[in-house]
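Welcome! Let us learn to read a protein model together, one feature at a time.

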Amino acid sequence: MRTKAFKEWFGDWEAAAINNEFNKNLEKMKNGQLPLEYIFNLGNPSEILINAGVPNYEILLTQSVLRNKQGQHSLSLSTLKDLPDLINNKPIAVFDAKDQTSFPGAKVIVTEIKQGNDYVVAAIHVERKRGKLIINEIRSLHSRPDRQYQG
């Protein structure tokens with residue numbers, strides 16, 4: 001793992017590669033060219049997310065979540081370009097999800113992505129078991145009016 005100083009000096013090409021791979025496969029999904037079982041890897045959480053309580057496990061997103069949210073919330077796949085970078089490096093806010101009983105440690109990340117006048121948020125269930133792996137899994141992506149975040 002490269003240090004923060006190293007990444008600031010030379011750039012974080014590992015994160016850039018994950019972001020580019022996500023964008024490439026998002027296009028394939030839009031064109032119906034991505035196998036249905038493909039799972040998007042958004043990389044490990046950044047220092048920002050770790051400091052907000054997201055454990056240091058890979059962040060994964062299934063196509064079924066994208067397809068469901070695309071239909072339920074009219075979420076355009078095109079608006080999700082650069083999602084790994086926006087979630088990891090440029091979140092507007094990160095806070096605990098309301099339902100901590102069913103999903104302990106779950107987080108909500110407000111992104112810079114806009115859907116109309118609303119921000120797109122990601123709900124992440126942390127430390128989920130998938131076979132022998134432990135992951136952080138995005139379980140929902142949807143837009144939410146910014147007025148819902150004001151106190």
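What follows is a short dialogue between a learner and a teacher.

Q: Where do I start, and how many helices and strands does the chain have?

A: Start with the kind of model: this one is predicted. The chain has five helices and six strands. From the N terminus on, these elements run α-α-β-α-β-α-α-β-β-β-β, ending in a row of strands.

Q: In what order do the strands lie in the sheet?

A: Order in the sheet is read across the strands, so it helps to trace it apart from the sequence. Here the six strands form an open sheet in the order β1-β2-β6-β5-β4-β3, and their pairing is mixed. At the edges are β1, residues 39–41, and β3, residues 93–96, each of which pairs on one side only. From one strand to the next, the twist averages 35 degrees.

Q: Could we zoom in on one edge? In which sense do β3 and β4 pair, parallel or antiparallel?

A: Strand β4 covers residues 107–115, and its pairing with β3 is antiparallel, over four bridges. Within this pairing, D96 stands opposite K107 of β4.

Q: What should I look for between the side chains of D96 and K107?

A: The general idea first: side chains of opposite charge can pair when their charged atoms come close. D96 and K107 form a salt bridge, with the closest N and O atoms 2.4 Å apart. The two residues are eleven residues apart in the chain, D96 in strand β3 and K107 in strand β4.

Q: Are D96 and K107 buried or exposed?

A: Relative accessibility tells you, and a residue counts as buried when the value is under 20%. K107 has 8% relative accessibility, so K107 is buried. D96 has 45%, so D96 counts as partly exposed.

Q: How many salt bridges are there, and which residues are linked in a network?

A: The count comes to eight salt bridges. Some of them join up: R128, R130, E137 and R139 are linked in a network. Look at E137 in this network. Its side chain meets that of R128 in a salt bridge at 3.7 Å, N to O. E137 also forms a salt bridge with R130, where the closest N and O atoms are 2.9 Å apart.

Q: How does accessibility look for E137, R128 and R130?

A: E137 is buried, at 4% relative accessibility. R128 is partly exposed at 28%, and R130 is partly exposed too, at 33%.

Q: Now the inside. Which residues have the most contacts in the largest nonpolar core?

A: As a general idea, in soluble globular proteins, nonpolar side chains tend to be buried together. In this chain, the largest nonpolar core has 26 residues, and those with the most contacts inside it are L42, L61, L66, L80, I138 and L141. Elements giving two or more residues to this core are α2 (13–30), β2 (59–62), α4 (63–72), α5 (83–89), β4, β5 (118–130) and β6 (133–144). Of these, β5 gives the most, with four residues. Apart from this core lies another one of five residues, including A97, A106, V110 and V121.

Q: Which residues does I138 touch?

A: Leaving out residues up to four places away in sequence, I138 touches L42, I59, L60, L61, V65, I87, A122, A123 and I124.

Q: What about the chain as a whole: what share of its residues is buried?

A: Of the 151 residues in the chain, 37% are buried. The accessible surface comes to about 8,800 Å², and 50% of that belongs to carbon and sulfur atoms. You can also ask how far apart in sequence the contacting residues lie. Among contacts between residues at least 6 apart, 49% join residues at least 24 apart.

Q: Finally, the backbone. Which residues have a positive phi although they are not glycine?

A: The general idea is that most residues other than glycine have a negative phi. D82 has a positive phi of about 70 degrees. It lies in the loop between α4 and α5 and is partly exposed, with a relative accessible area of 25%. E127 has a positive phi of about 50 degrees. This residue lies in strand β5 and is partly exposed, with a relative accessible area of 46%.

Technical notes
Residues numbered from 1 in each chain as written. Predicted model: local features only at pLDDT ≥ 70, side-chain atom pairs only at ≥ 80, totals over all residues. Heavy atoms only, no water. Pairing = 2+ DSSP bridges. Axes fitted to C-alpha atoms, helices over the stretch in contact; angles between N-to-C directions. Salt bridge = Lys/Arg side-chain N within 4 Å of Asp/Glu carboxyl O. Buried < 20%, exposed > 50% of the residue type's maximum accessible area, 1.4 Å probe, protein only. Contact = heavy atoms within 4.5 Å. Areas by Shrake-Rupley, 256 points an atom, 1.4 Å probe, with all protein chains shown as cover. Core = buried A, V, L, I, M, F, W, Y, C linked by side-chain atoms within 4.5 Å.
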